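Work through the exercises below with the structure open beside you. Try each task before you read its solution.

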Amino acid sequence: MTRKKRNDLFAHIGLIIICFIVLVPVLFALSKSTQTRAQVFHYPPILGPGTAMIQNYRTAWNEFNLSLYMQNSLIIAGIVMVFKTIFSMLAGLGLVYFDFPLKNGIFYFILFTLMMPTEIMIIALFNLVSDLGWGNNYAALTIPFLASATGVFLFRQHFASIPGELADAARVDGAGPVRFLWSVLVPMSRNTIGAMALIQFIYMWNMYIWPLVIIRENVRQVVQVGLRQMTNVQDTTNWGVVMAGAILAMLPPLIIFVLLHEQFTKGFALGQEK
Amino acid sequence: MPSKRILLVIVSVFALLGLVSACSGGSTEPTSGGEKVVETVIVKETVIVEKAAEEQIPEGATVIDFWHAFGGGRKLLIERMVADYNYTHPGVYVRVENKGSYRDTLNAAILAAQQGNAPHVVQIFEIGSQLALDSGIFMPIEDVVQGPEFQPDDYIPAVANYYKINGKFNSLPWNSSNPILYYNKDIFRKAGLDPEKPPQTFEEMLSACETIVSSGAAKNCISWPLHGWFFEQWMANMGAELANNGNGRDARATEVYLDGDAAKTILNWWKEMYDKGYYAYSGKLEDWDGADAIFVSGQAAMEITSTSDVVNRQNDAAENGFELGTSYLPYPASSERQGVIVGGASIWLTKDHPDNELQAAKDFMIWFTNTENAIRWHKATGYFPVRKSAVDVLEVENWFELNPAYKAAFDQLLETKETKATQGALIGAFPEVRTIIEQAVEKVLAGEATVDEALSAAQKDANKAVQDYNKSVE
Amino acid sequence: MYTAKFKGRFLPWLFLTPTLVILVVFLYYPVVQTFVLSTYRVAFLGLRKKFIGLDNFVSLAQDTGYWHTVWVTLIITAVVVVGGLGISLAIAMLANRDLRGGSIYRVLLIWPFALSPAVTGVIFLFMFSPGFGAINYLTEQITGSELNWLGNPRLAITLIILASIWRNLGYNVVFYLAGLQNLNTEVLEAASIDGATNWQRFWKVTFALLSPMSFFLLITNITYSFFDLFGMIDIVTKGGPLDATNVMIYNLYRDGFEYYKTGLAAAQSVILFAVVVGLTIIQFRTTGTRVHYGG
């Protein structure tokens, strides 16, 4: 065996072990999500499939309102994903393709909000949104999140790297900035858009502390808080059902992730894209 | 192609949305997988509840919000009861929601009130009573409901004792419980102990545990959640008050008593049980599930937990194939058994609602806690009947003879002596004080402090919490 | 680089309006309000407010419990960041080889990034629960005695750290892998011709070339440890045992929304804000514009 082959073999073994370690917690959850209470409480633990799969998933979906919570999460994540991308793109357009007084100041003004995660001002934001009367509304979960420094920054950097001749050509053709954005920049920004969409979807889907404090009625509650409710009641928890809930709650972001991870890698992090 | 992918993502988001809404409106036939009787019942209940939940709010109906802290089977039961109410009371629609734990429910109600949009009816745990009074967002129920529709004399004395504050009921007693001992008779037999003679005192507990653990009948001897509630109950059982000014009953409590002899006796025993490997808990504070799991899985022979778990434990015993026994909360032999405090929660009415909503909310609260519903609630959960009239009906039915597990729970309450200690403490900052007590126990068990050190530190912290709180409401 | 400009005086402002309005109303204004609130004692339910200057900060500074909270936050952050990045880099190096099926490994490694801290928390809580958790059973078989993962302060903090690292592993690996793939291979080849050992080659060349990426990941992982772990801690330990996992954001939540000490919680927000600003300044100072975003 050559040295290269031997090293490759070690790499394969190492990678398989690591992939397995990464996979184990979810496999465990998957197995437990099919077990009855008695099977879950069995000692030593049973690791295979149980006999209550359909029942557990049904209970999580219906009785613990996960269907409703997931719907809410999808709606708010969808709204924010679309509008934040549009708003960020427009801001990037304004910052790159125009000259106006205070341009740099405005850019730093936007960039500075990178240091203001929701958690930091949650007390005051709670008071503000309550005063606006949005406490039981999708508005509370979407409007404050429609703009972001990350988005503006990403698009500004990306637009700046697009050759200026394209804009010249567009102007000669008589196209205005909006048409230029739509017919030139958007098609050239697929990776950035994909990366933004993915990050925003996951960010919104994972929102926890804010909906926990601001949302009054369960009809508007989101999936992460729904999971918290499943484990945090004044009663015995059925862990099989909770695991079913965890599996359900991880599916939508996983699907989006699988579809977009290439754009994410290319659009977000890295220069020298081919 | 990247653009196709993005399109795919957007399409799949909407497809998921469609799936979600389709499924939530889909058919819900009971599965054939429910091989256990108990589970089949629950599945059937789900179907009924769902149908109720899918019903649109009738046009023009007065909508009443009711928040509670229950999950699982109890949540289903509550939803069924509410569905019954809605069905028989056209023109009113009670919207029922679960808000997490007791603490979560209280917090959610206060945050909603802060937003100017409080739910009408809220379940609040017993130690939140003073805080609820101070918050000013509730109205004393006895001021609103008078006359024949409200019978304050129908509540059993122990319950009335706890919930009558400043001479009147401020809320309607609903789910009341106290701690009892559950034990696994099969493990007792295996260890050579008499399955009909569970330990009664702290001392008997220690020797029974030695037998159980050394015989290898179970890995641990006993479990109960690391929860301040048990400490409070043991204090009361020994006749010790938790706070000054008559346990906060004569005037607002300004000091707590956490470093007295009673507290030390409890913690010393707790620590000994833990160090010898007899006592096991999940490691998490207030983790009822953790203690249940240790007992139900047969890793411990006994569990101390709420009477309200009678039904749950009976189901668990049936599922896991062991024989269940129940007995009183153990106490130190050095003191006489004084009895227990009424635990659980009551339902409160918030203020600032239009008159029609107020009337409807009031009517619902009275209906929800009437004799018939008190019996239904007791039978389905194990929470004891809070009304004398309910007890009378149950006795006519010979219910307690037929169901001895329920009896131990109820007798323990009836035998309780009426003292300031068993009446239960009223402390505004009680939720915080309870956490401080729990952390003191944690410290002692972890060996980070001696019993005396931990208790005197807790005493200091709790007094500060109480005084800070009092400053903010005066 | 030359960039052409469109003309228009109001047009750029129009394009910037949605972003600016939201940032001013929902970010700048609440931050200012937070500073204001931090100088008040707010009575129960916000009914009465009393200006008390810096008293909230003084009482935090005198509270050993709060210092403990800061300490815990720093420990968790340090281990999650250093440990997480180290493991991720090692995995990325392994996966970056020209192996058959390499892309499969990559997909199998990076997906936990899509899992929320709450979902991760629920699963880890369950695996490590005494009585029925599989890991708990396993550690008991190995060590011979039951490890109280949730009750022992050190083990609980370990559990939170393990879960946090596991959850962010994919995210970090993706970025490192991308960084490795963009490395200038000529430099590496030159180094091996020069007779540098593997270790030297890694440390002097690869690691140095990756440092912009490392800095970027450093900051995102610090933010993750500071804020995103809230959901996990809330579900797994609730800040316990003995406040061992009571990080700053959890303490803030408890004071603000469970014990209704609004002013005190606002003061904690101000402190957190100061920490974040400090970290960001360090980031800009050390990396400048070296982290290249693009694509």
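The exercises go from whole chains to sheets, domains, single residues and the core.

This is a predicted model, in which local features need pLDDT of at least 70, side-chain atom pairs count only at pLDDT 80 or more, and totals for chains, interfaces and linings use all residues. Residues are numbered from 1 along each chain as its sequence is written, and chains are lettered from A and ligands numbered from 1 in the order in which they are written.

**Exercise 1. Chains B and C**

Task: state how many helices and strands chain B has, and do likewise for chain C.

Solution. Start with the terms. Helices (H or I, at least four residues) and strands (E, at least two) are DSSP runs, numbered from the N terminus. Chain B has 22 helices and 13 strands. Chain C has 11 helices and two strands. Its elements run α-β-β-α-α-α-α-α-α-α-α-α-α from the N terminus on. The C-alpha trace of chain C spans about 75 × 75 × 30 Å along its principal axes.

Next, burial. A residue is buried if 20 or more other C-beta atoms lie within 10 Å of its own, exposed if 12 or fewer, and partly exposed in between, with C-beta atoms placed from the backbone. Of the 474 residues in chain B, 54% are buried. Of the 295 residues in chain C, 48% are buried.

**Exercise 2. A sheet in chain B**

Task: find which strands stand at the edges of the sheet S10-S9-S11-S8-S12 in chain B.

Solution. Two strands pair if DSSP finds at least two bridges between them. Five strands of chain B form an open sheet in the order S10-S9-S11-S8-S12, with mixed pairing. S10 (279–280) and S12 of chain B are at the edges; each has a single partner strand, so one side of each is left without a neighbour in the sheet.

Now check the pairs. Strand S9 (residues 220–223) of chain B pairs with S10(B) in the parallel sense, over two bridges. There B:Ile222 has B:Tyr279 as its bridge partner. Strand S8 (residues 179–184) of chain B pairs with S12(B) in the antiparallel sense, over four bridges. Here B:Leu181 is bridged to B:Ser327.

Last, look at the faces. In a regular strand the side chains alternate between the two faces of the sheet. In strand S12 (residues 324–327) of chain B, B:Leu324 and B:Thr326 form the covered face, and B:Gly325 and B:Ser327 the uncovered one.

**Exercise 3. Two domains of chain B**

Task: describe how domain 1 and domain 2 of chain B meet.

Solution. The bounds come from an automatic or database domain assignment. It gives domain 1 (44–177 + 343–401) and domain 2 (179–342 + 426–473). Their centres, taken over C-alpha atoms, are 28 Å apart. Two residues are in contact if their C-beta atoms, placed from the backbone, lie within 7 Å. Domain 1 of chain B puts 22 residues into the contact, and domain 2 of chain B puts in 17 residues. On the domain 1 side, helix H5 (129–135) of chain B is one of the elements that supply at least two residues. H5(B) gives the largest share of that side, four residues.

**Exercise 4. One residue, B:Thr105**

Task: is B:Thr105 buried or exposed?

Solution. First place B:Thr105: it is in helix H4 (residues 102–114) of chain B. Then count. There are 26 other C-beta atoms within 10 Å, so B:Thr105 is buried. Its contacts beyond four places in sequence include B:Trp67, B:His68 and B:Val122. B:Trp67 is 38 residues away in sequence, but the C-alpha atoms are 7.1 Å apart.

**Exercise 5. The core and chain A**

Task: which residues touch the most other members of the largest nonpolar core?

Solution. A nonpolar core is a set of buried Ala, Val, Leu, Ile, Met, Phe, Trp, Tyr and Cys residues joined through C-beta atoms within 7 Å. The largest one has 324 residues, and A:Ala246 and B:Ala301 touch the most other members. Helix H4 (residues 66–97) of chain A gives the most to this core, 17 residues.

Follow A:Ala246 outward. Its contacts beyond four places in sequence include A:Leu227, C:Val119 and C:Ile123.

Finish with helix H6 (residues 122–131) of chain A. Eight of its 10 residues are buried, so H6(A) is largely enclosed by the rest of the structure. Among them are A:Ile122, A:Phe126 and A:Asn127. Just after H6(A), A:Gly133 has a positive phi of about 75°.
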